[in-house]
Amino acid sequence: MGESAEGALGAETRYEFTAELWRWEARADEWVFVRLPQDASDEIAAVPRPRAGFGAVKVTASIGGSRWTTSIFPEPGADGEGVRYVLPLKKAVRVREGLELGDEVRVAVETHH
């Protein structure tokens with residue numbers, strides 16, 4: 001699933017997938033995410049790296065013409081199959097790319113080691 005590439009921040013692994021936009025219902029504000037595939041999540045979780053708060057992993061994300069640096073997070077309550085990461089999509093990206101809840105979107109995520 002992942003492919004390695006060398007970048008300015010060191011070794012990177014890139015994952016490309018299609019996922020549906022969904023809203024995290026536990027919060028009243030508008031937090032919108034896409035889920036990374038289980039196999040990509042398993043690969044990311046298996047690589048030892050410093051993690052930020054909440055188990056976050058720093059990434060560069062791309063959707064359409066938008067590219068930004070952010071973090072992916074282990075999904076709350078994820079159990080059984082292992083860790084499943086989610087990527088938050090900020091409103092500015094959703095507006096720029098014309099995305100709505102329930103849309104299927106092509107996403108690229110590059111992890112930084």
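A residue counts as partly exposed when its relative accessible area lies between the 20% under which it is buried and the 50% over which it is exposed. With that in mind, select Trp31 in this predicted model: its relative accessible area is 33%, so Trp31 is partly exposed.

Add Phe33 to the selection next; with a relative accessibility of 6%, Phe33 counts as buried. The structure holds 2 aromatic pairs, and in the one formed by Trp31 and Phe33 the ring centres lie 6.2 Å apart with the planes at 15 degrees, so this pair is stacked.

Now bring in Trp22, which joins Trp31 and Phe33 in one aromatic cluster. While Trp22 is on screen, show Arg35 as well, since Arg35 lies over the face of Trp22, at 4.1 Å from the ring centre.

From there, move along the chain to helix H1, residues 38–46, whose buried residues are Gln38, Ala40, Ser41 and Ile44. If you turn the view to look down the axis of H1, these buried residues fall within an arc of 160 degrees, so they line one face of the helix.

Finally, colour the chain by pLDDT. The average over the chain is 83, and 79% of the residues score at least 70. Among the elements of the chain, strand S7 (residues 85–88) has the highest mean pLDDT, 96, whereas strand S1 (residues 3–7) has the lowest, 38. Select residues 1–10 as the last stop: pLDDT stays under 50 over this stretch, for which the model nevertheless has 23 contacts beyond four places in sequence.

Terms used: Residues numbered from 1 in each chain as written. Predicted model: local features only at pLDDT ≥ 70, side-chain atom pairs only at ≥ 80, totals over all residues. Heavy atoms only, no water. Phe/Tyr/Trp six-rings, centres within 6.5 Å; stacked < 30°, edge-to-face > 60°. Buried < 20%, exposed > 50% of the residue type's maximum accessible area, 1.4 Å probe, protein only. Lys NZ or Arg CZ within 6 Å of the ring centre and 35° of its normal. Helix = DSSP H or I, 4+ residues; strand = E, 2+ residues; numbered from the N terminus. Arc of directions from axis to C-beta. pLDDT = per-residue confidence, 0-100. Contact = heavy atoms within 4.5 Å.
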